[in-house]
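Open the model in your viewer and switch to a cartoon view. Keep side chains ready to display as you go.

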Amino acid sequence: MRGRSLLAICLSATVAACAPPDPPNMPISLAPPYNDLPEPPGASIEPGMPIKLDQRQLEAVVDGVMKWMKDPASVSFAGINGAKNRHGIVTVCGDVSGRNSAGVLVSKSPFIGALMARPNAPEFVVVEIGSLGKQRVTVEGLCQQSGIFKL
């Protein structure tokens, strides 16, 4: 009897280990009209100069990221920084944490996106949230290439 209990526990642990990770955010996709923009061939990321984001820009970033989170009430942000390139494009990176579908608090995940230039009502378009290993590395690399470095 004890052997069956041990076997059941081992099988349960094995199945749980095979379950896909449950990130705190939904998969990111670009919304219209940004999803139809062509990607320039051979384009590389142009680094920018660090800038201080104003209150409206910070609110746009928070609102933009919150749309992708599974439990917006559990979300917290850290290290939101921006860089503006010579074309006036503002890239923003930061960290976000929140609860996943199971209600488990997932540690901070880096995010990247762009502020769309509207002086009175900026809009933040999320490009990616790096909640999983490969995504995390990609987002952190894009942030560094954009001129945003974590301290």
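The tour below starts with confidence, then moves along one strand and its two partners.

**Stop 1: confidence.** This is a predicted model. Colour it by pLDDT. The protein averages 80, and 71% of the residues score at least 70. Now select residues 3-17. Here the pLDDT is below 50. Beyond near neighbours in sequence, this stretch makes zero contacts in the model.

**Stop 2: strand β3.** Select residues 90-99, which make up β3. Is this strand enclosed or open? Nine of its 10 residues are buried, so β3 is largely enclosed by the rest of the structure.

**Stop 3: the β2 side.** Add residues 76-84, strand β2. β2 and β3 run antiparallel and pair over seven bridges. For a landmark, pick Gly82 in this pairing; opposite stands Val92 of β3. Then follow the chain through the turn. Five residues separate β2 from β3 in this hairpin. Stop at Gly88 in the turn, where phi is positive, about 90°.

**Stop 4: the β4 side.** Add residues 105-116, strand β4. Nine bridges join β4 to β3, again in the antiparallel sense. Centre on Gly98: Val106 in β4 stands opposite. This pair of strands also forms a hairpin, with five residues in between. The turn holds Gly103, whose phi is positive at about 85°.

**Stop 5: Ser97.** Return to β3 and show the side chain of Ser97. Why does Ser97 count as buried? Its relative accessibility is 13%, and the cut-off for buried is under 20%, so Ser97 qualifies. Next, display its surroundings. Leaving out residues up to four places away in sequence, Ser97 touches Met69, Ser74, Val75, Ser76, Val106, Ser107 and Lys108.

Which of these should you zoom in on? Take Ser76. The side chains of Ser97 and Ser76 are joined by a polar contact of 2.8 Å. Their C-alpha atoms lie 5.4 Å apart, although 21 residues separate the two in sequence.

**Stop 6: Asn100.** Step on to Asn100, in the loop between β3 and β4. Is Asn100 buried or exposed? Asn100 is buried, because its relative accessible area is 11%, under the 20% limit. Where does its side chain reach? Draw a distance to the backbone nitrogen of Ala102: the side chain of Asn100 reaches that atom at 3.0 Å.

**Last view.** Show β2, β3 and β4 together. β3 pairs with β2 over seven bridges and with β4 over nine.

Conventions
Residues numbered from 1 in each chain as written. Heavy atoms only, no water. pLDDT = per-residue confidence, 0-100. Contact = heavy atoms within 4.5 Å. Helix = DSSP H or I, 4+ residues; strand = E, 2+ residues; numbered from the N terminus. Buried < 20%, exposed > 50% of the residue type's maximum accessible area, 1.4 Å probe, protein only. Polar contact = N/O pair within 3.5 Å; in protein donor to acceptor, adjacent residues only side chain to side chain. Pairing = 2+ DSSP bridges.
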